[in-house]
Amino acid sequence: MRDTTPVRGFSTRDRMKKVARPSLETELRRSLGVFSATLLVVGGIIGSGIFFTSAEVARALPTGGWVVAVWVLGGVVALAGALTFAELGAMMPDAGGTYVYVREAFGGVWAFLYGWMTLASIASGALAAVAMGLAGYVESFVDLSRVGGRIPVAVAAILVLTATNYLGVRPGAIVNNVLSIAKVGALAVLIVGGMALWSSVGVPAVVANAPAPRSSLVLGLAAAFVPVLFSYGGWQQMNMVAGEIREPETNIPRALFYGIAIVIACYVGVNLVYVHVLGRDTLASSIHVATDTMTRLIGQRGATVITVAVMLSIVGFMTVALLVHPRIYFAMARDGAFFQSAARVHPRYGSPHVAIAILGAWSVALVLFSRGDVGQLLNGVVFADWIFFGLGAASLFKLRQSRPDADRPYQAWGYPVVPGFFVLAAVGAVVSAIVSYPLWSAFGAGLLVAGVAVYYLAQQQGIWKKPMAGRE
């Protein structure tokens, strides 16, 4: 007998009902173990940011000690978030991650807005931006004028990785595993090299007219907090493929903890080396932080090593983004909150192939429509991203009240202090983004308002049809 129970959160008032369908386990294949899940956490966090954002952090703060301290604080926040989401992921190991938690706790409109923002700009904008960045690095090795410049290369990268994930979760996970190991290895080389040559580097050079820090430490910390948390963001993406992880009740918490621990070690270690080798003023003045650090450590060969590492990191980030985010649109379509075709599962590959194609196509469209200038799009949604981080974590408190007897294979360590700390940190991140980048935050707010209008208009007009049950 088919399940026709209404989805919690999509009430009569919302005019959304759960569509008759078999259980998720019969549709998406649970083929990922704790190793691949851990590397999804690592791959979802470590992109190209750690090779650059430390300069932005240094420009906001007065000393190198504060730079390292903010990266440590960011790691603590990320760990608190991972411990919080571990309970949610083990309790509800379904495709969609945060979308599912917000839907169950706060209802349909908030869940839809999360999916709307990831598709409209957060995931697609990030893919478009880093694809253009990748093309820029390729251009340092190859003359791209023969193929029409950077835009065709960026489009090709998105299409190739979209096709890889279209072929199933295993090919995408294998690519991510290889690339995650490679970029962690590159960061390890930088850290170990910096530590080995620690005493021989010498005193950093004095920089004339180095960028001055913010006028007060409070404003400096607020400005630095945004790029740090942005660089740590992405640990929650593994939860989006919870429906494809074996033994999710135990493997999701383990993968989150292991993955965050690896990233914290990499980020804090790298920034210790940055600060020691370059000093605060050179770090704040640098455009290519990791390249400048490696060049000072081992010469021009260091620049080539880091360039290759950045390219690998970008490809790895794109792979994870195209692997995990389509599971949100898949879950939305199953709830009748998106086009029914996005709920289809490929009969051979077991992937939500239509949802993957939608994200890939929209990302390509952003590259083409913007003519490659997509950086501002990312800046406009940083604050919105952390709204949903906080809302996802707040779901834990709501569900503890509304479902006290639910099966919780893992319970968040330090509840309610640790989850509460993460929610407050998310609020702080949103406030910091508004204070530091008001125009970009206003753009993100505009996208949210547009999402509300789309949500209610789509329901009034019956734009979304009920998805077909079963595998297609």
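A surface patch is built from residues with over 30% relative accessible area and no salt bridge, nonpolar side chains being joined within 5 Å. The exercises below apply to a predicted model.

**Exercise 1.** Identify which residues make the nonpolar surface patch of about 300 Å², and state which helix contributes the largest share.

*Solution.* The patch consists of Val 72, Leu 73, Val 76 and Phe 421. Helix α3, spanning residues 64-91, supplies three residues, the largest share. Leu 73 is found in this helix, α3.

**Exercise 2.** Classify Leu 73 and Glu 247 as buried, partly exposed or exposed.

*Solution.* Buried means under 20% relative accessible area and exposed means over 50%, with partly exposed in between. Leu 73 has a relative accessibility of 39% and therefore counts as partly exposed. Glu 247 reaches 55%, so this residue counts as exposed.

**Exercise 3.** Describe the packing of helix α7 against helix α10.

*Solution.* The axes of α7 (residues 169-196) and α10 (residues 289-298) are 11 Å apart and form an angle of about 45°. Because of this angle, α7 is oblique to α10. The handedness completes the description: α7 and α10 cross in a left-handed sense.

**Exercise 4.** Locate the cis peptide bond between Tyr 415 and Pro 416, and the positive phi of Glu 247, within the loops of the model.

*Solution.* The bond from Tyr 415 to Pro 416 has omega near 0°. Pro 416 lies in the loop that separates α15 (382-402) from α16 (417-436). Glu 247, although not a glycine, has a phi of about 45°. Its loop runs between α8 (217-232) and α9 (248-285).

Note on methods:
Residues numbered from 1 in each chain as written. Predicted model: local features only at pLDDT ≥ 70, side-chain atom pairs only at ≥ 80, totals over all residues. Heavy atoms only, no water. Patch = residues over 30% accessible without salt bridge, like charges linked within 9 Å, V, L, I, M, F, W, Y side chains within 5 Å. Areas by Shrake-Rupley, 256 points an atom, 1.4 Å probe, with all protein chains shown as cover. Salt bridge = Lys/Arg side-chain N within 4 Å of Asp/Glu carboxyl O. Helix = DSSP H or I, 4+ residues; strand = E, 2+ residues; numbered from the N terminus. Buried < 20%, exposed > 50% of the residue type's maximum accessible area, 1.4 Å probe, protein only. Axes fitted to C-alpha atoms, helices over the stretch in contact; angles between N-to-C directions. Parallel < 35°, antiparallel > 145°, perpendicular 65-115°, else oblique. Left-handed = near helix turned anticlockwise from the far one by under 90°.
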